[in-house]
Structures are given as C-alpha cells and as structure tokens.
Amino acid sequence: MKVICTKTYEEMSYEAAKLLAAQIVLRPNCVIGLATGSTPIGTYDQLVKWYEEGRLDFSAVRSVNLDEYCGLDGESDQSYRWFMDHHLFDRVNINKANTNVPNGKAADPEAEGERYDALIQSLGGVDIQVLGIGYDGHIGFNEPGPAFVKPTHMVDLDPSTIEANSRFFASADDVPRQAITMGMGGIMSARKVLLIANGAGKKEILMKALYGPITPEVPASLLQLHPDLTVISAVDE
Ligand code: PGA
C-alpha cells in the first residue's frame, strides 16, 4: 500500500489525475474504473484540463463505473450516468459507447449484476479503479454487513449513506433506497486501486479502513489485501 498525504483537495485531485493519466498514456485503450460523489470531481476536472491542452487522448479508453441508483435512468440529473456525462465523458473525446454504468432501471437486478460482471470480464478486467470512501466505510455501494459480497449486486443503502447523499437531492426522502454496485470481487480484481479521500471528517474511517481489522463491517478494510493500492488523502485539518 502506498499512501500519499496532501494538504489540499486540489493537490489530492492533481495526484490522482496523474495516476489515471499515466495509465491512459501507458495503455491508450485501458479500462478505467470510475467513481462518483464529490471527491473525484477535481480529479475529473484535471483530466479534462489536460485533454483540452492536447496532452491526453481518451478516444480508445474504455470505462466501467462502480454503481448506480435503482430506479434512475441516465436522463435523471441525479443518476450516476448523468454525473459521469456531465463531469467527464461529455468534456473529453471518449467514445460514449465505450462507457459503462450499471443499469439502475433493470427489471431484474440480479441479471443486471451478472451482465455487468460478464462485461467487465469481456473487457479484460479493470486496469485502474478509482474509489471514494463513505463515512461508514463503504466503497462503491458495498455497505457494512455480515459478509463481503463478491459479484455486482443490488443493495439497500445504509441510513447514513442516504443522509450523506441527501445533499444532492431535494430531501433525504428523495434519495433512492437501493442501488446496484460492483461487488468486492470486481473491485479487488482491478489491477490497480486508487482510493481518494478528502476532508477531516473522513480521517477516522480512513484510518480504520487502512490500519484496523479487515472486516465486512468496514468494507474498505479489504483493500489492505490488494496488491497494488494507492491512497491519496487530504484529510488533515
Ligand atoms: P463523497 O462520497 O465523495 O461524496 O464523499 C464518497 C462515497 O460515498 O463513496
């Protein structure tokens, strides 16, 4: 595990973007695993800047996103498909057909999970997976529970996640109660994992995840076993 502590959100974003950019330069048709939430926005802005300067080419890049709310489609501005289009995909020359987000409107979430895992396999796996971390230690939407769940699956969101994410909705009542998320198997299979965390409020859970016991009660703790984990954090006041 490599840990990079930065002073500011901007520095954290710059360091994270550097790793993603290096992957794209090294393998122009790489598969990048992407995350939503407030943490990666600065990273995506930096990648867009380098693209606009002619330093990065996304034309052959493929992407898979971690998760999507159940019941929302890409037209909804609260969906994660919309988030990705808005913050990254519509701002660079990525081929949208090569971008993948779980289908939150799938009639059969189990079948959707199987389809998504088969898709990741058919792409040859993920080269680098970006992750944020929730206050309860979730990664993707893998919430604390009695066991790590391996495949892409539907989850009931933890009340603390609903509360935290309500800032993106009119009220907590409007936050979908369920989501489809890549499982711990998909995340741990990525060849490289990049965990980013910002803000003093994330420090306690980040320390638990990286240095505490490995337990499904803190899903991110499993990352301690990943052979190529880089953590970039700006969590010190
Ligand atoms: P945040 O969310 O980046 O908005 O803090 C992180 C997460 O819940 O995974």
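User: How far from an oxygen atom of the ligand does a polar side-chain atom of Lys202 lie?
Analyst: The model is predicted. Lys202 is one of the residues around the ligand. Its polar side-chain atom is separated from a ligand oxygen by 2.7 Å.

User: What share of the ligand's accessible area does the protein cover?
Analyst: On its own, the ligand has 280 Å² of accessible area. The part of this covered by the protein is 86%.

User: Which residue has a polar backbone atom 2.9 Å from an oxygen atom of the ligand?
Analyst: The residues around the ligand include Gly37, Ser38, Thr39 and Arg167. For Arg167, an N or O atom of the side chain lies 2.8 Å from a ligand oxygen. The backbone atom at 2.9 Å belongs to Ser38.

User: Why are the buried residues of helix H7 on the same side?
Analyst: Helix H7 spans residues 203–211, and Ile205, Leu206, Ala209 and Leu210 are buried there. Residues three or four places apart in an α-helix point the same way, because a turn takes 3.6 residues. The buried residues of H7 lie on the same side because they cover an arc of only 125°.

User: Which strands do the buried residues of H7 pack against?
Analyst: The face turned away from the buried side carries exposed Glu204 and Tyr211. The buried residues pack against strands E9 (192–198) and E10 (229–234).

User: Which helix gives the largest share of the largest nonpolar core?
Analyst: This core holds 58 residues, and Leu47, Leu88, Leu195 and Leu223 touch the most other members. The largest share is six residues, from helix H1 (residues 9–26).

Technical notes:
Residues numbered from 1 in each chain as written. Predicted model: local features only at pLDDT ≥ 70, side-chain atom pairs only at ≥ 80, totals over all residues. Heavy atoms only, no water. Core = buried A, V, L, I, M, F, W, Y, C linked by side-chain atoms within 4.5 Å. Buried < 20%, exposed > 50% of the residue type's maximum accessible area, 1.4 Å probe, protein only. Helix = DSSP H or I, 4+ residues; strand = E, 2+ residues; numbered from the N terminus. Near = heavy atom within 4 Å. Polar contact = N/O pair within 3.5 Å; in protein donor to acceptor, adjacent residues only side chain to side chain. Areas by Shrake-Rupley, 256 points an atom, 1.4 Å probe, with all protein chains shown as cover. Arc of directions from axis to C-beta. Contact = heavy atoms within 4.5 Å.
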